[in-house]
Every structure is written in C-alpha cells, then in structure tokens.
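User: I'd like to learn how to read a fold from its numbers. Could you walk me through this one?

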Amino acid sequence: MIELLESPDNVIALRAVGKLTKDDYQTVLDPAVERLVADHGELRVVIVVGDDFDGMTPGGSWEDTKFGLGHWSKWKRCAVVTDRDWVGNGARMFGWMLPGDVKVFEEDDLDDAIEWAAA
C-alpha cells in the first residue's frame, strides 16, 4: 500500500507499507504525480521505507520502473527516508542515475527530508 503523507503542495510524500502492487501505483501514486507535474512542472518526492515495507509484487515492480522513467526529465529531488541499511545504501549507490538530486534521511528526520525536497 502507498500512503500519501502531508507535505507542501510542491512535494509528494509517501510511505510504502506492506507489499506494493500495480494497483497502488495506478490508483494512488500516478494521479498524484500527474497533478504535481501539471501544477509545478517537476517532481519532488519523499519516499519513506520502514520496517512495515515487504517489497513489491511483479506488477508493482513494473509500475515502479515506469514511475521512475515516466517523467525522466521532471525529476528535481528525491528524499529516501529509511533506517533499513539496504535501502539507504541502494539509494546512495544508484541515486546518481536519476537526473535530479537524491538524498537519504533517517526515519526520525522525515520533516527535514520533506523540507529538503520542497526547497
């Protein structure tokens, strides 16, 4: 499940909970991304990956790939908020592949992550 979190209107903040599915992307994330791009012309995203994240279904993985590539030139900032080492290390290792800035924050620093993404 994707839970949208409170954030400034130029940021999408979300928490990944359980196992993400194709439907999560199509009904929650995609509409939010389309609104953000239409209103602001760029993507500023905060993704919280905590202990309650269990991975993705195959359909969810495909939608995640499409999400990342769908607005390639629109990426401005992506904050990854996690205390899971493998998630943070992966974001640090592969973040350079996104055209925008990527920064990893600990879960206690969620407010800082949202502030950074919005700036």
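**Reading the model step by step**

Analyst: Sure, let's begin with charge. The protein chain carries 12 positive and 24 negative side chains, and the centres of those two sets are 7 Å apart. Keep in mind that this is a predicted model.

User: Next, the layout. How many helices and strands does the protein chain have, and which pattern do they follow?

Analyst: Count the elements, then read their order. Here there are four helices and five strands, and along the sequence they run β-β-α-β-α-β-α-β-α.

User: And what does the radius of gyration of the protein chain tell me?

Analyst: You hold it against what a compact globule of that length would give. For 119 residues that would be near 14 Å, and the protein chain has 13 Å, so the two agree. The C-alpha trace spans about 30 × 30 × 25 Å along its principal axes.

User: What share of the contacts in the protein chain links residues 24 or more positions apart?

Analyst: Look at contacts with a separation of 6 or more: residues 24 or more positions apart make up 71% of them. For burial, 43% of the 119 residues are buried. As for the surface, the chain exposes about 6600 Å², with carbon and sulfur atoms supplying 52% of that.

User: Now aromatics. How many aromatic pairs turn up in the whole structure?

Analyst: With ring pairs, you check the distance between centres and the angle between planes. A search of the whole structure gives one pair. Its partners are Phe-105 and Trp-116, at 6.0 Å centre to centre with 55° between the planes, which makes the pair tilted. Phe-105 belongs to strand β5 (residues 101–105) and Trp-116 to helix α4 (residues 110–118), so the pair ties together parts 11 residues apart in sequence.

User: Are those two rings' residues, Phe-105 and Trp-116, buried or exposed?

Analyst: The cut-off for buried is under 20% relative accessible area. Phe-105 has 10%, so it is buried. Trp-116 has 16%, so that residue is buried as well.

User: Let's try a single residue. Where does Ala-16 sit, and what is it in contact with beyond its neighbours within four places in sequence?

Analyst: Start with the element, then accessibility, then partners. Ala-16 is in strand β2 (residues 12–20), and its relative accessibility is 3%, so Ala-16 counts as buried. Leaving out neighbours within four places in sequence, Ala-16 is in contact with Met-1, Val-48, Asp-52 and Phe-53.

User: How far apart are Ala-16 and Gly-95 in sequence and in space?

Analyst: They are 79 residues apart in sequence, and their C-alpha atoms are 18 Å apart in space.

How values were computed
Residues are numbered from 1 along each chain as its sequence is written. This is a predicted model: local features need pLDDT of at least 70, side-chain atom pairs count only at pLDDT 80 or more; totals for chains, interfaces and linings use all residues. Side-chain values use heavy atoms; hydrogens and water are left out. Helices (H or I, at least four residues) and strands (E, at least two) are DSSP runs, numbered from the N terminus. The radius of gyration is taken over C-alpha atoms; the globule rule is 2.2 Å times the number of residues to the power 0.38. Buried means under 20% relative accessible area, exposed over 50%, partly exposed in between (1.4 Å probe, protein chains only). Contact means heavy atoms within 4.5 Å. Accessible areas come from the Shrake-Rupley method with a 1.4 Å probe; for residues, only the protein chains shown count as cover. Lys and Arg count as positive and Asp and Glu as negative; His and the chain ends are not counted. The place of a charge is taken as NZ of Lys, CZ of Arg, CG of Asp or CD of Glu. Rings of Phe, Tyr and Trp (its six-membered ring) pair if their centres lie within 6.5 Å; planes under 30 degrees apart count as stacked, over 60 as edge-to-face and the rest as tilted.
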